[in-house]
Amino acid sequence: SVEETETVGKYLFRSLRHNRFWITDSYESVTSGEFCLRALAIAGKLANPLSKVQTVAILLPKGIEGMSMATALQFMGKTIVFLDRSQTVEERHHILQRSKAKVLITTNDLNFTKYSPTAVQVMYVEDLRTTIGWLDKLGARVEMLLARIGLGAIGESDTDNSVLIFEPSADGEFKGIPLSHSNILSHQNALQQVFGTSSDKRMLSNFRLNNAFGFTFEFIYGLCSVIDLHLFDERLTDAELLEAVRKVKPQILLATASEMERLFSVGDDWNFIDYVHTDGQALNPLTSHVLQAYNIKQMMSAGLNECCSVFTVNTPDFLGSDIAGKTMSQIGQLDGSVGKPLPGVAIRVVDNMNPALELPQGSYGRVMIKGSSVIRTYLDNCYDWSKHFYDEWFITPLSGYLDTRGFLVLGKE
């Protein structure tokens with residue numbers, strides 16, 4: 001459970017202030033404390049321009065600058081809409097209209113943006129960067145000191161929503177998925193229970209922030225798990241990506257399935273990698289064979305934006321002792337499955353035509369999910385509630401079955 005007053009901004013601030021780890025991109029490397037001060041300075045600079053704005057869109061290259069901007073907006077309690085450079089002009093305009101974002105923060109590098117959407121106020125990060133002076137940096141340090149004695153308003157928010165995710169739907173439109181502070185923090189708690197935190201590991205990531213996988217894994221988990229975070233430049237070629245992995249030698253690698261397949265098709269020594277996680281897509285058999293040869297764990301999972309990304313995951317098998325000292329074991333992974341539900345998530349398999357009819361274990365049907373990390377409705381109730389929700393359960397588009405040990409296997413009979 002998450003306290004009603006808790007927000008993503010408060011959670012991020014505590015992690016960055018109390019822990020020390022490194023955040024690195026293609027251009028610079030900063031400590032978590034330096035990153036926090038930078039985000040606080042940006043928040044102070046934007047306080048007046050955004051005083052009457054709740055929803056802000058971001059279109060920035062992958063890296064520390066873009067992530068510090070997103071962190072600053074969470075410190076300010078704003079709702080973020082991430083745009084992506086792969087989207088068309090029509091798609092960006094549609095998202096801006098649907099989200100009611102009044103301000104777009106972007107770069108004047110036309111090689112990245114290609115164009116600037118209209119009908120909203122556009123702020124360029126280059127202009128903001130040059131106007132942040134010593135007074136703004138001093139103000140950030142004062143905010144940090146005030147927070148230590150329980151004063152200040154970092155992370156306070158007037159809205160339930162932390163981020164709006166827009167996902168293309170079958171009809172060609174974008175469905176708006178509002179992820180609340182409670183959704184994201186409940187999901188973060190579950191991720192930390194499963195994956196843990198560690199100050200001696202490096203994580204290299206290339207997830208995009210305009211979907212729940214990138215936002216929850218790279219942004220939230222990446223900044224709150226005391227793991228040194230290395231960010232891919234999304235424009236890296238295959239050769240540059242390979243060189244980045246060789247240089248960083250991450251224990252944890254986050255990338256799309258297609259990037260993983262291209263990367264591991266190159267003969268190399270991958271013994272430094274502990275586990276990999278994709279964007280929910282399965283890896284081909286050849287790549288899986290390479291990972292098995294190097295004893296790299298595949299955290300195969302299932303995820304949807306409506307569930308803050310991952311809702312089931314395969315984990316390493318456990319063999320150890322319980323709190324009483326008795327030997328215990330637990331099977332955490334099953335080939336062909338997408339794993340077991342995360343803590344706090346319940347899964348039910350029901351008849352395709354009747355969501356009230358729960359099916360026995362081993363029977364194929366429609367997958368329904370319930371939990372505090374699952375949304376309650378779509379943006380502006382744009383979809384027929386009864387087609388997607390039943391008695392507080394989210395009716396997913398997925399089919400599969402649950403086996404006797406609780407593993408979810410997706411697919412049709």
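**Exercise 1. State the order in which the 7 strands of the open sheet are arranged, and describe the pairing.**

Solution. In this predicted model, one reads the open sheet strand by strand and obtains the order β2-β1-β10-β9-β11-β12-β13, with pairing that is mixed. The next step is to look at the two ends of that order, where β2 (29-31) and β13 (297-298) are the edge strands, each of them pairing on one side only. Within the sheet, one can then follow a single pair, since strand β9 (residues 202-205) and strand β10 (residues 228-231) run in the parallel sense and are joined over 4 bridges. To place one residue of this pair, note that methionine 203 has leucine 229 in β10 as its bridge partner.

**Exercise 2. Describe the largest pocket by its volume, and then by its lining.**

Solution. The largest pocket has a volume of about 640 Å³. Its lining is made of 28 residues, of which Glu28, Arg38, Glu65, Ser68 and Arg129 are the closest to the centre of the pocket. Turning to the elements, those that give two or more residues to this lining are α2 (32-46), α3 (64-75), α6 (125-131) and α7 (134-148), and α2 gives the most, with 5 residues. Sorted by character, the lining residues comprise 11 nonpolar, 4 polar and 13 charged.

**Exercise 3. Explain why helix α1 (residues 8-18) can be called largely enclosed by the rest of the structure.**

Solution. Begin with the count: 8 of the 11 residues of helix α1 are buried, and therefore the helix is largely enclosed by the rest of the structure. These buried residues are Val8, Gly9, Lys10, Tyr11, Leu12, Phe13, Ser15 and Leu16. Finally, ask what covers them: the covering elements include α2, α3, α7, β7 (161-168), α8 (181-195) and α9 (212-224).

**Exercise 4. Decide whether alanine 57 is buried or exposed, and list its contacts.**

Solution. Alanine 57 is found in strand β3 (residues 55-59). Its relative accessible area is 0%, and because buried means under 20%, alanine 57 is buried. If neighbours within four places in sequence are left aside, alanine 57 is in contact with Val81, Leu83, Leu96, Ala101, Val103, Leu104 and Ile105.

**Exercise 5. Identify the residues that touch the most other members of the largest nonpolar core.**

Solution. Among the 91 residues of this core, Leu46 and Leu223 touch the most other members. For leucine 46, again without neighbours within four places in sequence, the contacts are Met69, Leu73, Met76, Ile105, Met123 and Leu128. Apart from the largest core lies another core, of 20 residues, including Val245, Leu263, Phe264 and Val290.

Definitions and conventions:
Residues numbered from 1 in each chain as written. Predicted model: local features only at pLDDT ≥ 70, side-chain atom pairs only at ≥ 80, totals over all residues. Heavy atoms only, no water. Pairing = 2+ DSSP bridges. 1 Å grid on protein atoms, 1.4 Å probe; cavity = no way out; pocket = protein on both sides within 12 Å on 5 of 7 lines; lining within 4 Å. Points joined across faces, edges and corners; volume = space filled by probe spheres on them. Nonpolar A, V, L, I, M, F, W, Y, C, P; charged D, E, K, R; others polar. Buried < 20%, exposed > 50% of the residue type's maximum accessible area, 1.4 Å probe, protein only. Contact = heavy atoms within 4.5 Å. Core = buried A, V, L, I, M, F, W, Y, C linked by side-chain atoms within 4.5 Å.
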